[in-house]
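Please open the structure in your viewer and keep the selection tool at hand. The tour proceeds by short steps, each naming what to select and what is found there.

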Amino acid sequence: MKVFGHPLSTNVARVLVCLEEVGAEYELVTLDFLAGEHNVPDHVARNPFGKIPALQDGDLILFESRAIAKYILRKFKSREVDLLREGDIEAAAMVDAWTEVEAQQYYPALSPVVFECIIFPIMRGTTTDQSVVDESLEKLKKVLDVYEAQLSKHEYLAGDFFSFADLNHFPFTFYFMATPYAPVFDAYPRVKAWWQRLMLRPSIKKISGNMPTRF
């Protein structure tokens, strides 16, 4: 398997952490996003939108990090590693539901803070738009209220088992914790404890070790 992208990318990290969870062998082919290597013809042939990551597995070419992650988890599913729970229709439905919550509620609320504090200053040379940050933090607090309630009933988001729904939160939350607004999580003790459990996983320790915490 080859993953095309850059280890600092949140979407690439989502794929790599899944590969580590299942213990698959893979090669990371580094593309320099700042140098525009994601727009060269060879990569556009892999991802027609010129984004990262892309995955090559034999003759199969995939793009979109969540789709790639699910492909990996399905291909290497085992009794020990079953993060989609597709053999149990109710558990799978809960994994799907909280995977959608991450994409539709959590990510839109949290990611603007990461973009304004880290990504845009690096890639565009801009300063932080505090109004965007403040608005996003208010949205995030409402989302975290829901997470706190869910995690008061279960150890993990989809139930009392670790799943892709949890793993999916890793990349952007990791970078959020490198912003000045990480203490927001202190008001949500169950959410903070859940995040700390995620950070103890060997897969996350390995991939996060290649991601900076200071900017």
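The steps below move from an annotated region to its sheet and helices, then to unusual backbone positions, and finally to empty spaces.

**The annotated region**

Please remember throughout that this is a predicted model. Begin by selecting residues 1-80, which an unreviewed UniProt entry lists as "domain: GST N-terminal". Over this stretch the chain is 38% helix and 20% strand. The C-alpha atoms at its two ends are 21 Å apart.

**The sheet**

Next, display the strands. In what order do the strands of the open sheet lie? The order is β2-β1-β3-β4, and the pairing of these 4 strands is mixed. Select β2 (27-30) and β4 (60-63) to see the edge strands, each of which pairs on one side only. From one strand to the next, the twist averages 20°.

Now select β3, residues 54-57, together with β4. These two strands run antiparallel and are joined by 4 bridges. Within this pair, L55 of β3 may be picked out: L62 in β4 stands opposite L55.

**Helices across the sheet**

Add helix α1, residues 10-22, to the view. Helix α1 lies across β1 (2-5) and β2, and runs at about 160° to β1. Then add helix α3, residues 65-75, which lies across β3 and β4. Its direction is at about 130° to β4.

**Unusual backbone positions**

Most residues other than glycine have a negative phi, and most peptide bonds are trans. Three places in this part of the chain deserve a close look.

- Select I52 and P53: the peptide bond from I52 to P53 is cis, with omega near 5°. P53 belongs to the loop between α2 (41-46) and β3.
- Select G58, in the hairpin of β3 and β4, where 2 residues lie between the strands. G58 takes a positive phi near 65°.
- Select E64, in the loop between β4 and α3. E64 is not a glycine, yet it has a positive phi of about 80°.

**The largest pocket**

Rolling a probe the size of a water molecule over the atoms shows where empty space is left. Select S9, T10, F33, I119 and M123; among the 28 residues that line the largest pocket, these lie nearest its centre. The volume of this pocket is about 950 Å³.

Which helix gives the most residues to the lining of the largest pocket? Helix α4 does, with 7 residues. To see where the lining comes from, colour α1, α3, α4 (89-123) and α7 (170-176), each of which supplies at least two residues. By class, the lining has 16 nonpolar, 6 polar and 6 charged residues.

**The cavity**

How many cavities of 30 Å³ or more does a search of the whole structure find? The search finds 1. About 40 Å³ of space lies in the largest cavity. To locate it, select L73, R74, K77, D82, L83, L84, R85 and E86, which line this cavity. The lining divides into 3 nonpolar and 5 charged residues, with no polar ones.

Terms used: Residues are numbered from 1 along each chain as its sequence is written. This is a predicted model: local features need pLDDT of at least 70, side-chain atom pairs count only at pLDDT 80 or more; totals for chains, interfaces and linings use all residues. Side-chain values use heavy atoms; hydrogens and water are left out. UniProt positions are given in the numbering used here, feature names are shortened, and annotations may be inferred rather than shown by experiment. Two strands pair if DSSP finds at least two bridges between them. Axes are lines fitted to C-alpha atoms, for helices over the stretch in contact, and angles run from 0 to 180 degrees between N-to-C directions. Contact means heavy atoms within 4.5 Å. On a 1 Å grid over the protein atoms alone, a cavity is a set of points where a 1.4 Å probe fits but cannot get out, and a pocket is an open set with protein on both sides within 12 Å along at least five of seven lines; lining residues have an atom within 4 Å of a point. Grid points are joined across faces, edges and corners, and a volume is the space filled by probe spheres set on the points. Ala, Val, Leu, Ile, Met, Phe, Trp, Tyr, Cys and Pro count as nonpolar, Asp, Glu, Lys and Arg as charged, and the others, Gly among them, as polar.
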